[in-house]
Every structure is written in structure tokens, then in C-alpha cells.
Amino acid sequence: MLCRAGQKTVISAKDRNQLLRDAMTKPSTKSAKCPICNKPTQEATKPFCSVRCRQVDLNKWLSGSYSVPAVEEEFSETDMSDLENPRNMH
């Protein structure tokens, strides 16, 4: 049972636990969007709306379209000697 105490809402532990259980078991009312075309997702192809969008996403992964940019660093002579002699590493 919810009751107001000043500006704060007070809820019993029993009701809090029930609300948490409900939140974890009830499906979300807001529909998720396909990351490829932004249409609503379908249960059979989640998180996509269709098999086609699923395949488009897979192709992006396999072709390298999805990538993390890398910055290559130059190693100094000290770094190289540390790599060659791991006993010197701290």
C-alpha cells in the first residue's frame, strides 16, 4: 500500500517486493525498435523486425562495417626491451 508522508512516497517491503517481481515478469509495454530500420521488433527475430534486417546486420559485422577505430602507438626502445625481458616489468 502506498501512502504519502510529506513529499516522500512510503511503500511497504511486501508491496515493494511485489512491484519488483511484476517488473521482472511482465513484458515491457514500450516496443523496441529494429536497429537497422527502426520498425517495431518481432518476437521471432528480436532484436530485429525481420530476417532480412538480421541478415543485413550480420553482413555489416562480417564485412567489417562495424569496427572500433584503433590508434597504433609507436614503442620506444625501453618498451621493446621490457617486452623482450619480462623479468624487468614491474
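**Figure 1. Where in the protein is confidence lowest, and where is it highest?** Strand S1 (residues 2–5) sits at the bottom with a mean of 49, while H2 tops the list at 95; the score here is pLDDT, the predictor's confidence in each residue, from 0 to 100. This is a predicted model, so to speak of local features we need pLDDT of at least 70, and side-chain atom pairs count only at pLDDT 80 or more, whereas totals for chains, interfaces and linings use all residues. Residues are numbered from 1 along each chain as its sequence is written, and side-chain values use heavy atoms, with hydrogens and water left out. The protein averages a pLDDT of 79, and 78% of the residues score at least 70.

**Figure 2. The overall layout is β-β-α-α-α, read from the N terminus on.** That makes three helices and two strands, taken as DSSP runs numbered from the N terminus (helices: H or I, at least four residues; strands: E, at least two). Of the 90 residues, 8% count as buried; buried means under 20% relative accessible area, exposed over 50%, and partly exposed in between (1.4 Å probe, protein chains only). The protein exposes about 8500 Å², with carbon and sulfur atoms supplying 56% of it; areas come from the Shrake-Rupley method with a 1.4 Å probe, and for residues only the protein chains shown count as cover. Among contacts (heavy atoms within 4.5 Å) with a separation of 6 or more, 4% come from residues 24 or more positions apart.

**Figure 3. Trp 61 and Tyr 66 pair up edge-to-face.** It's the one aromatic pair in the structure, at 4.8 Å centre to centre with 65 degrees between the planes. For the record, rings of Phe, Tyr and Trp (its six-membered ring) pair if their centres lie within 6.5 Å; planes under 30 degrees apart are stacked, over 60 edge-to-face, and the rest tilted. Tyr 66 lives in the loop between helix H2 (51–63) and helix H3 (77–84). Trp 61 counts as exposed because its relative accessible area is 53%, while Tyr 66, at 31%, is partly exposed. Both also belong to a nonpolar surface patch of about 470 Å², together with Leu 58 and Leu 62. Patches are made of residues with over 30% relative accessible area and no salt bridge, joining like charges within 9 Å and nonpolar side chains (Val, Leu, Ile, Met, Phe, Trp, Tyr) within 5 Å.

**Figure 4. Glu 43 and Lys 46 meet in a salt bridge.** A search of the whole structure turns up one such bridge, here at 3.4 Å, N to O; the cut-off is a side-chain nitrogen of Lys or Arg within 4 Å of a carboxyl oxygen of Asp or Glu. Glu 43 is exposed at 64% relative accessibility, and Lys 46 is partly exposed at 47%. Thr 45, by contrast, is buried, because its relative accessible area is just 8%. Leaving aside residues up to four places away in sequence, Thr 45 touches Ser 50, Val 51 and Arg 54.

**Figure 5. The loop between H1 and H2 includes Asn 38 and Pro 47.** A cis peptide bond joins Lys 46 to Pro 47, with omega at about 5 degrees. Asn 38 has a positive phi, near 65 degrees, despite being a residue other than glycine. Asn 38 is exposed, at 53% relative accessibility. As background, most residues other than glycine have a negative phi, and most peptide bonds are trans.
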